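Let's take a walk through this model together. Have a look at the fold first, then read on.

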Amino acid sequence: MVTGKARCVTCGKEKATTKCGGCSQDFCFNHLTDHRQELGKQFDEIEVTHDLFRQILTDKNDISQNQILIQQINEWECNSIKKVQQSAENARQIVFKHTTKHINKIEMKLNKMTEQLRESRQENDFFEADLKLWKEELERLTKELHNPLQITFEQISLPLVSNIYVDIPSISLHSNNIAIDARWIQNGITVAGGNGRGNGLNQLTSPVGLYVDDDQTIYASDYEHHRIMEWKYGAISGQIVAGGNGVGNRNDQLNGPTDLIIDKKE
Ligand SMILES: [Zn+2]
Ligand SMILES: [Zn+2]
């Protein structure tokens, strides 16, 4: 603040004044106080607006559209679990029924024999050939009981539940590197894909993760085909640099890659 004689902008009098460092206007001492008070009031207003905005932000975090999305995810989770449980229950029932039927069949044969034994014992009417037959029948039944059931456990490749992923536009995730005054070309050009959906080398399906290298090589994670594609600058088709061998956990497989990072040291 610089002091000296000058005209106060509030009262217009030639007085000992102080120059406000902010607006460079001259004020007499009385009106400098007023000026500071006025600025203080504006500061208060900004603070109130700020606090209000923070409140809105907090509320938004609690009950926002996120809630709807979370609910959708929860529903999908619930339904998927139900489907899996139902499928398991159906399979258990089939195994159970089949086992019961198998035991019942053996029991019926045994009942028949029980009846024969009872009668023969009562009448004391049997000889060697009968004993041989019963012995053989018992061996047969024992074998039948211990024979493994012709039931096997198999998995069909048809998915029981469809997987989900949350689609977040890549631009909002990675835009922090773009200069605030960047100039944009109005009409875009296709730099990768553009040949419909598919797993061809010149196609991309759901490229949810993107990375552009310094030499303008584009890397895209092809979510639906479980692979990472590399498109050299100006290339008309890409090449697989990771995955591309179906879903799985083998070293050469990926499962719905949603993003990628490039280690430049390589
Ligand atoms: Zn004044
Ligand atoms: Zn001022």
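Which residues form a nonpolar patch on the surface? In this predicted model, the patch is made up of Ile 70, Ile 73, Ile 164, Val 166 and Ile 168, and together they offer about 390 Å² of accessible area. Take Ile 168: you'll find it in the loop between α3 (128-146) and α4 (170-174). Ile 168 counts as partly exposed, because its relative accessibility is 44% and the partly exposed class runs between 20% and 50%.

Now zoom out. The protein splits into domain 1 (3-62), domain 2 (65-146) and domain 3, which is built from two stretches, 165-178 + 189-266. Between the C-alpha centres of domain 2 and domain 3 there are 52 Å.

On to the metals. The zinc ion (ligand 1) gets its protein donors from Cys 8 (SG), Cys 11 (SG), Cys 28 (SG) and His 31 (ND1), at 1.9 to 2.4 Å. The angles among the four donor atoms run from 95 to 126 degrees, and the site is tetrahedral. Along the sequence, the spacing reads C-x2-C-x16-C-x2-H. Cys 8 sits in the loop between β1 (3-7) and β2 (14-19) while His 31 belongs to helix α1 (residues 29-62), so this pair ties together parts 23 residues apart in sequence. Cys 8 is buried at 1% relative accessibility, and His 31 is buried too, at 18%.

The zinc ion (ligand 2) has Cys 20 (SG), Cys 23 (SG) and His 35 (NE2) as protein donors, 1.9 to 2.3 Å away, with the spacing C-x2-C-x11-H. Here Cys 20 is buried, with a relative accessible area of 7%, whereas Cys 23 is partly exposed at 33%.

Terms used:
Residues are numbered from 1 along each chain as its sequence is written. Chains are lettered from A and ligands numbered from 1 in the order in which they are written. This is a predicted model: local features need pLDDT of at least 70, side-chain atom pairs count only at pLDDT 80 or more; totals for chains, interfaces and linings use all residues. Side-chain values use heavy atoms; hydrogens and water are left out. Domain bounds come from an automatic or database domain assignment. Donors are N, O and S atoms within 2.8 Å of the metal (3.2 Å for Na, K and Ca); water is not among the atoms, so sites may look incomplete. Buried means under 20% relative accessible area, exposed over 50%, partly exposed in between (1.4 Å probe, protein chains only). Patches are made of residues with over 30% relative accessible area and no salt bridge: like charges are joined within 9 Å, nonpolar side chains (Val, Leu, Ile, Met, Phe, Trp, Tyr) within 5 Å. Accessible areas come from the Shrake-Rupley method with a 1.4 Å probe; for residues, only the protein chains shown count as cover. A salt bridge is a side-chain nitrogen of Lys or Arg within 4 Å of a carboxyl oxygen of Asp or Glu. Helices (H or I, at least four residues) and strands (E, at least two) are DSSP runs, numbered from the N terminus. Four donors count as tetrahedral if all angles lie between 85 and 135 degrees; four count as square planar and six as octahedral if opposite donors are over 155 degrees apart and all others between 65 and 115; anything else is irregular.
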